[in-house]
Amino acid sequence: MPQLLHLDSSADLNNSVSRAVTAHFSDVWHEQSPDHSVIHRDLHRDPLPHLPTSAMHWAPHLRTPDEVVAPDAEALQKTLIDEVVSADVVVIGAPMYNWSVPSTLKAWIDYVHVPGVTVPFDGPTRPLEGKPVVVVSSRGNEYGAGTPDFGTDHAVPLLQQVLGTALGMDLFVVLVDLTLSTRVPGMAPLVPRSRDSLDAAWVAVADLAARLG
Ligand SMILES: Cc1cc2nc3c(=O)[nH]c(=O)nc-3n(C[C@H](O)[C@H](O)[C@H](O)COP(=O)(O)O)c2cc1C
C-alpha cells in the first residue's frame, strides 16, 4: 500500500500558497489508486516541542552517560522517524520565513536528523536513502540567478543539505515565487509573473505525484 507523508508548516490557515500546492500533490497522489494512503502532519496546527535535550541529536548508543532522554520525548522521536521511514514519498510545504524555514519545520528536522539512526556515523545507517521528497518552497520575493536577492535564500539550501546530502533522500524542489505581489502595492507589476510561477508549480506537483505514485 503506497504511503505519502504530507507535512505542512505555513502559519497561514486561510490563504497559504504552500498548503494549496501540497494539498494538490496529495490529491493527485491519492487519485492514483484507492490503496494510496496519506498521513498528514500539520506542524503549525500541531507543533512539535523544541528538542528537550541535545542528547536527542544522537542515537541512544552514541550518547554519553550523563545524556538522559525522557521516555515521552524518546517515543515522540521514534514516532516521527518511523513515520518518515515507512512513507514511500514525502511532500513538505516549506514557506520562506526570514530567509529560512518556519521554526515548526526546523523542529521536525531536529527530531529526524539523527547520527547513528538516520544518517551514517559509526555504521552505514541511512534508512531514507533514495526516498523521494518533494519540497514546496513558497516565498514572497524571488531569489533566482540575476535577481537582486540572489544568494539570500537559506531555505532551499538548508533542505537540500539535510534531506538530500545528509539523509540521502531524492529531493525535488518546487518553487512558488513572488507570492507577496498581491499584497504589497509596490509589487503589483509582478502579479502576472507570480501567477505564472504558481501555475508552473501546480503542473509540476501534479506530474511528480503521478510519476512518484
Ligand atoms: C514570518 C514571516 C517571514 C517571512 N519572511 C520572508 C522572507 O524572508 N523572504 C520572503 O521572500 N518572504 C517572506 N515572507 C513571505 C512568505 O514567504 C510568503 O508569504 C509565502 O507565500 C508564505 O508561504 P504560505 O503562502 O504557504 O504561507 C515571510 C512571511 C512570514 C509570515
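Which residues are buried in H3? In this predicted model, the buried residues of H3 are Thr104, Leu105, Ala107, Trp108, Ile109, Tyr111 and Val112. The legends below begin with that helix.

**Figure 1. Helix H3 and its surroundings.** Helix H3 covers residues 103–112 and is mostly covered, with seven of its 10 residues buried. The buried residues of H3 pack against two strands, S1 and S3, and two helices, H2 and H4.

**Figure 2. The packing of helix H2 on helix H3.** Two packed helices are described by the angle between their axes and the distance between the axes. For H2 (residues 71–86) and H3, the angle is about 90 degrees and the axes are 9 Å apart. H2 is therefore roughly perpendicular to H3, a label given to angles from 65 to 115 degrees. H2 contributes Leu76, Gln77, Leu80, Ile81 and Val84 to the contact, and H3 contributes Trp108, Tyr111 and Val112. By class, seven nonpolar residues and one polar residue make the contact of H2 with H3, with no charged residues.

**Figure 3. The largest nonpolar core.** In soluble globular proteins, nonpolar side chains tend to be buried together. The largest nonpolar core here has 34 residues, and Ile92, Leu105, Trp108 and Leu163 touch the most other members. Two or more residues come from each of strand S1 (3–8), H2, strand S3 (89–93), H3, S4 and helix H4 (156–166). The most are given by H3, with six residues.

**Figure 4. Contacts of Leu163, and a second core.** Leaving aside neighbours within four places in sequence, Leu163 is in contact with Ile92 and Trp108. Under the same condition, Leu163 also contacts Val133, Val135, Gly168, Met169 and Leu171. A separate, second core has 18 residues, among them Val21, Val134, Val174 and Ala201.

**Figure 5. The aromatic pair of Trp58 and Phe121.** The structure holds one aromatic pair. The ring centres of Trp58 and Phe121 are 5.3 Å apart and the planes are at 70 degrees, so the pair is edge-to-face. Distant parts of the chain are linked by this pair, the two residues being 63 residues apart. Trp58 is in the loop between strand S2 (37–42) and H2, whereas Phe121 is in the loop between H3 and strand S4 (132–138). Trp58 counts as partly exposed because its relative accessibility is 27%.

**Figure 6. Two residues with positive phi, Trp99 and Leu178.** Most residues other than glycine have a negative phi. Trp99, in the loop between S3 and H3, has a phi near 65 degrees. Leu178, in the loop between strand S5 (170–176) and H5, has a positive phi of about 60 degrees. Is each residue buried or partly exposed? Trp99 is partly exposed, with a relative accessible area of 45%, whereas Leu178 counts as buried at 1% relative accessibility.

**Figure 7. Val191 in helix H5.** Helix H5 spans residues 191–212 and contains Val191. Val191 counts as buried because its relative accessibility is 13%, and buried means under 20%. Apart from neighbours within four places in sequence, Val191 is in contact with Ser181 and Thr182. Between Val191 and Leu175 the C-alpha to C-alpha distance is 16 Å, and these two are 16 residues apart in sequence.

Note on methods. Residues numbered from 1 in each chain as written. Predicted model: local features only at pLDDT ≥ 70, side-chain atom pairs only at ≥ 80, totals over all residues. Heavy atoms only, no water. Axes fitted to C-alpha atoms, helices over the stretch in contact; angles between N-to-C directions. Helix = DSSP H or I, 4+ residues; strand = E, 2+ residues; numbered from the N terminus. Parallel < 35°, antiparallel > 145°, perpendicular 65-115°, else oblique. Contact = heavy atoms within 4.5 Å. Nonpolar A, V, L, I, M, F, W, Y, C, P; charged D, E, K, R; others polar. Phe/Tyr/Trp six-rings, centres within 6.5 Å; stacked < 30°, edge-to-face > 60°. Buried < 20%, exposed > 50% of the residue type's maximum accessible area, 1.4 Å probe, protein only. Core = buried A, V, L, I, M, F, W, Y, C linked by side-chain atoms within 4.5 Å.
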